[in-house]
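Please load the model in a viewer and keep the sequence panel open beside it. The tour proceeds by selection, with a short account of what is found at each stop.

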Amino acid sequence: MNRLSAEDCLALYELLSTTRALNGALAMHRKDIHGACLLGLRQEAVSIVPAYALMKKGIFLESIKGADHRTIWGMAVAADHLSVHGHDHDHIRDILCNNFSKATGGNHGRDGNSHWNCAECRILGSVSSDMGRMPNFILGASEEIRRREWYKLTEEKRPIGITFFGEGAAQQGGIHETMNWSAASNCVRTEEELAQYEERFLDEITREYGVLRGAPMIFVVVNNKASLFTGAADEHGNSNLAARANGYGNMVGTQVDADDPVAFYDVCAEAIERAQKLRSTLIIANTYRGTGHNQDHIQYEDDAFEKRDFSKAKMVRNVDIAEFKRQWAREPLVQLERYILEHGYGDKDTLRAITREQQCAVDELVEEVLGEPDITPAVDAKDRSIFPPFDTAGLSLESHPAGSERNKKMGHNRAFSWIVRELIREDERVVYYGEDVEPGGVLGLTMDISKEFGPSRIFNTPISEEAILGTAAGRAFVGGKPIIEMQFGHFVWDGMPVLASVAPQWYQKKLKFGFTMILPSGIVREGGSGHYHEVWMESYLQKMAGIVVVAPKDAYDLVGLMRAAHLYEGPVAVMLQISAANYTEFESLVPLDPYVVPLGKAETVTEGDNFTVVTYGAACVAAAANEARELAKEGIGVEVIDLRTVWPFDIDAIRRSVQKTGRLAIFHEDYRTGGIGECISASLTAESGCMEHLLMRNIPIVASAAGGDVFISSAQELVWDRLPYERTKITVPGPRGDTVTQILHRSQALVRVIRDGLRYT
């Protein structure tokens, strides 16, 4: 049913005309754009019509919009249209500056190709060229909006999430994870299922719809008939893409001619209303690429630009030119013009005036932008930071536990559970989720937390690591502070494409994705779980840059680093030594008052003048410290530096120690080749004031993997052969005057390196 008035149709025509003028101007200035020029010529309605439907609902600004390379232009135009309502932005200028690599753009010209965003307007543009990542970002953001914003709004004012991707990206695994997650989030529970939860955990929206969490989503598949040059038969067997919605729960699938703005508007308006009732819609927006794939694939007739007639092509790569022209004859502006004239909403002169006005305005703006200064290496060098600043304002820095009367002795797992509870209590933005985290997790990290906070604050997820990481980034984009658990550190591999999209965003655009991911690392009990459960992932994360990696040595560090990660505005990977949960060696006094262990700062665990050992991770730090204490009895002073923050590591602390001792070894469980040890060694080589103080001929790396770099085995004898430390039993006085056996971590391999290094004078 049509809901568009004459005023609506003219407003929609103006928005489409502006977006067409913008796309046309970019096509005409292709030579000024670095990289690919991916436009939505002839497809302007795909983003403008849903944007207008959100405007009509009064929820455009509040809703989260995930635009790809082509739909981003329409979102920028729509957002600028809202400036008349007191929202003062110039998104079109901003995105043009970015696309033309100007220093004044929102991305400072660093990341063009329509990778542009506006956090204030909740537009999350293409953070990367991998379209399979965007939907789960938007999904997470929509869940966060539902959880923290819906409760105070009437149904018609509830913001939603909408995401756009092509029929090619629709075949990616990340898209399936997103759709499946949406089904789980929007699953309608029976009365019996809801009765399992305490009444206080069920808000009014859950009671109304029977949905525990809820992801108010619209998925728009831009169906171009071909993904680049791959036809539908080769790509998805000509399957009915809309019918896929039937395989997911609580989702409607529909197809629409997206070149017909009026019909498309009706579909979008209905989809918004469904989303506001926690029922998703998969819209297959059938359209036609008016530029092939990008502007490098098309050759125009000589007068095409002069006449602004982009149907006048003489060649489009791998496209039937006759079909190309037929499709242009029914493009969205033509169809909307016909509708306006038929209904007497305006005349041709009025519509031509709108078109001319928008073309002139865009042309003038493009000329202004082209006159802006380009980004240059000198300008870029002013800020090449890849991390948000480490800001600990508002909380005391770490203080020695003995200095506080309010402290409690805790082990690793107990401390983890305690700080997660504290963060959830203190900050409504915190949620905790992952595979099997409720009621306690495979490793017992979250025992009974759900009983206190309920299914909207701590919940299980599908086995979908991309979606776990992507939804966390999306929640963070709209102000959430999620903590996500990978169950075992190696499982983060399946989410690496998301991290590869998130990691560069601070350098490229100063985007903030403040979430914490928990990566349990190292051997399980005595070992035997093998490579896919026991590997450490720090060197892989370090190579991405932009992701902070920390490794707490004991319960005290764990609590302080978790709180620091919570305060931080970027992603933090917390590597928890799995076996540390089982031994008293890793227990410590934990202050009950808030404190932080600052990110990026190492700790001197033992002091010494003869040798520096740089290490991290609970087992390695314990082994190094124990050997340092034993060697001290011989008069050998070993200074053990615990990095705490593995990346970016504290090069200043290492330099100061090396300048004092003249000898250095690096001790960790990572691989020797390509691991963090080699990274530290290379950094020291480049640092002034380091290498000239070293007496040794090289920097030995005492690392895991016997012989250097073998994969992690399951057989216990091989497990302990590859570890750089061993466990020993000692007898200590017990609490009742008896004796008890304790486990200590030691390292004969490290001692051999230290003794060998003392030969150099």
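Which backbone oxygen lies 3.2 Å from a polar atom of the side chain of Gln276? Select Gln276 and display polar contacts: the oxygen belongs to the backbone of Glu156. The coordinates being inspected are those of a predicted model.

**Stop 1: Gln276**

Gln276 is located in the loop between helix H10 and strand S9 (280-286). Its relative accessible area is 1%, under the 20% limit, and Gln276 is therefore buried. Extend the selection to its contacts, leaving out residues up to four places away in sequence: Lys57, Ile59, Trp150, Glu155, Glu156, Lys157, Arg158, Ile160 and Tyr209.

**Stop 2: the open sheet**

Next, switch to a cartoon view and select the strands. Seven of them form an open sheet with mixed pairing, in the order S2-S3-S1-S4-S5-S9-S8. S2 (117-118) and S8 stand at the edges with a single partner strand each, so one side of each has no neighbour in the sheet. Helix H2 packs on this sheet and touches S1, S4 and strand S5 (217-223); the direction of H2 makes about 175° with that of S4.

Now select S4 (residues 161-166) together with S1 (residues 64-66). These two strands pair in the parallel sense over three bridges. Ile64 stands opposite Gly161, and Lys65 has Ile162 as its bridge partner. On pairing with S5, S4 is again parallel, over six bridges, and here Thr163 stands opposite Phe219.

How many of the six residues of S4 are buried? The count is six of six. In a regular strand, side chains alternate between the two faces of the sheet. In S4, Gly161, Thr163 and Phe165 point one way, while Ile162, Phe164 and Gly166 point the other.

**Stop 3: helix H13**

Select residues 332-342, which make up H13. Pro332, Leu333, Gln335, Leu336, Glu337, Tyr339 and Ile340 are buried in this helix. Display the surroundings of these residues: they pack against helices H1 (6-28), H2 (45-57), H10 (261-275) and H14 (348-370), as well as strand S8 (251-257).

Then inspect the two ends of H13. At its start, a side-chain oxygen of Glu331 comes to within 2.9 Å of the backbone nitrogen of Leu333. Just after the helix, Gly344 adopts a positive phi of about 70°.

**Stop 4: H1 against H3**

Two packed helices are described by the angle between their axes and the distance between the axes. For H1 and helix H3 (residues 72-81), the angle is about 130° and the axes are 9 Å apart. H1 is therefore oblique to H3, and their crossing is right-handed. To view the interface, select Leu15, Thr18, Thr19, Leu22, Asn23 and Leu26 in H1, which meet Trp73, Gly74, Val77, Ala78 and His81 in H3.

**Stop 5: His34**

Finally, select His34, in the loop between H1 and H2. Is His34 buried or exposed? Its relative accessibility is 54%, so His34 counts as exposed. Apart from neighbours within four places in sequence, His34 contacts Asn99 and Ser101; a polar contact of 2.9 Å joins the side chains of His34 and Ser101. To close, place a distance label between the C-alpha atoms of His34 and Asp738: the two residues are 75 Å apart in space and 704 residues apart in sequence.

Notes: Residues numbered from 1 in each chain as written. Predicted model: local features only at pLDDT ≥ 70, side-chain atom pairs only at ≥ 80, totals over all residues. Heavy atoms only, no water. Buried < 20%, exposed > 50% of the residue type's maximum accessible area, 1.4 Å probe, protein only. Helix = DSSP H or I, 4+ residues; strand = E, 2+ residues; numbered from the N terminus. Contact = heavy atoms within 4.5 Å. Polar contact = N/O pair within 3.5 Å; in protein donor to acceptor, adjacent residues only side chain to side chain. Pairing = 2+ DSSP bridges. Axes fitted to C-alpha atoms, helices over the stretch in contact; angles between N-to-C directions. Parallel < 35°, antiparallel > 145°, perpendicular 65-115°, else oblique. Left-handed = near helix turned anticlockwise from the far one by under 90°.
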